[in-house]
Amino acid sequence: MSDILVHTEAGVMTLTFNRVQRKNSITSAMYAALADALTQAQDDAAVRCVLIQGDATIFSAGNDIGDFLNAPPAAGKDAPPSPVFRFLHGIAAFPKPIVAAVCGPAVGIGTTLLLHCDLVYAGDNSAFSVPFVNLGLVPEAASSLLLPQMLGYHRAAEALLLGEPFMAEAALEVGLVNRIVPPTECNAIAQAQARKLAAKPLSALVETKRLMKKGNAAATRERMDEEGQSFARMLREPAAREAFTAFMEKRKPDFSAL
Ligand code: COA
C-alpha cells in the first residue's frame, strides 16, 4: 500500500495520508507523490477540487524526522527543488479549491499546509502545532508570513516561538478551520463539501480563488523561498541535529550548549 493514497471520484481527487503507524509523518517520497498528484489534478479537467485527509486519529506528525536527519532537502539558492519544496510551491499556487479534513495531531507542515487550503474541517480531537523552534528550525510554507496575518502577531509568536499545541476551538476562533465536527464524521463531511465545490462552475471557482489570493501570492512565494533557504541551512546545524537525535533516542533534547 502506498503511503499516499490517491482516489478521484465525482470531480474530487482525495489524497489520504496512509502511514498511520508512523503518525502519517511525511517522507521525501510522500512529498514527491503529493506534488505529482497536485500537478495531475491541475492538468486533469475531470478533477475540480482536491481533498487532503488523514484518518480519525491522526492528520500528520509533520516531516519524517529520520528523513530530516539522514536525507535533508538540498540547501543553497541554486539547489534543484527538493520534493518538499515542489509540494509547497504546488499547493501554494494550486488554482482549484483544496479542502482539508484534520483529526488528531497536525504538527509542523501538518498545520502549515492548511494555510494553503480553502476549506478546513477539524475533528474535535485535532491539535495544531508549529514546533519549528523546538527542533532548532524556522517556519516553512510561508507560515512566518501567513500565521501572523491570520492569528495576529502575539498569538502567532506564541504558536511559533513556544511551539505548544493549540486545540480545535482555538483554531476555529482564529479562522484556521471552518467547523469542528466529530472525528469519525470528519472525512465524510469534508468529502461532501468538496463534492459541493466540484459541482460548481470550475472557471468561476478558479477565478474567485485567484482574486482572493492575488494580494498575497507574490509575497507568499517570496517568503516561502526565503524560509526554505534558512530551513535547509538550519537542518544541518547542531541544534537541529540534537533535536532529531533526541527524538530518535526518545529523550529530551539538550540545548544548553547551543
Ligand atoms: N517522524 C518520524 N517518526 C515519527 C514522527 C515523525 N515526525 N512522529 C511520530 N513518529 C513515530 C514515533 O517515533 C513512533 O515510532 P515507534 O513506534 O517506532 O516508537 C511512532 O511514530 C508513533 O509515535 P508516538 O510518538 O509514539 O505517538 P503519540 O501518539 O504518542 O504522539 C505525536 C503523536 C504526533 C504527538 C508525536 O509522535 C510527535 O510529536 N511526533 C513528532 C512531531 C514533530 O516534531 N514533527 C516534525 C515537525 S517539523
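## Ligand contacts

In this predicted model, a polar backbone atom of Ala-61 lies 2.8 Å from a nitrogen atom of the ligand. Taken alone, the ligand exposes 860 Å², and the protein buries 64% of that area. A polar backbone atom of Ile-65 is likewise placed 2.8 Å from a nitrogen atom of the ligand, whereas Lys-23 contributes a polar side-chain atom that lies 3.3 Å from an oxygen atom of the ligand.

## The surrounding shell

The ligand sits in the largest pocket, where 13 residues surround it, the closest being Arg-22, Ala-61, Asn-63, Ile-65 and Lys-250. Ala-61 and Ile-65 thus appear among the closest residues, and each of them also offers a backbone atom to a ligand nitrogen, Ala-61 at 2.8 Å and Ile-65 at 2.8 Å.

What kinds of residue make up the shell around the ligand? The shell divides into 6 nonpolar, 3 polar and 4 charged residues.

## The hairpin of β1 and β2

Strand β1, covering residues 4-9, runs antiparallel to strand β2, covering residues 12-17, and 6 bridges join the two. Within this pairing, Val-6 has Leu-15 in β2 as its bridge partner. The hairpin has 2 residues between the strands, and Ala-10 takes a positive phi near 55 degrees there.

In a regular strand, side chains point alternately to one face of the sheet and then to the other.

## The sheet of β5, β7 and β8

Which strands form the open sheet, and in what order? The sheet consists of 3 strands in the order β5-β7-β8, and their pairing is mixed. Its edge strands are β5 (105-107) and β8 (166-167), each of which pairs on one side only.

Strand β7, made of residues 127-129, runs antiparallel to β8, and 2 bridges join them; in this pairing, the bridge partner of Phe-128 is Phe-166 in β8.

Conventions: Residues numbered from 1 in each chain as written. Predicted model: local features only at pLDDT ≥ 70, side-chain atom pairs only at ≥ 80, totals over all residues. Heavy atoms only, no water. Near = heavy atom within 4 Å. Polar contact = N/O pair within 3.5 Å; in protein donor to acceptor, adjacent residues only side chain to side chain. Areas by Shrake-Rupley, 256 points an atom, 1.4 Å probe, with all protein chains shown as cover. 1 Å grid on protein atoms, 1.4 Å probe; cavity = no way out; pocket = protein on both sides within 12 Å on 5 of 7 lines; lining within 4 Å. Sits in = over half its atoms within 2 Å of the grid points. Nonpolar A, V, L, I, M, F, W, Y, C, P; charged D, E, K, R; others polar. Pairing = 2+ DSSP bridges. Helix = DSSP H or I, 4+ residues; strand = E, 2+ residues; numbered from the N terminus.
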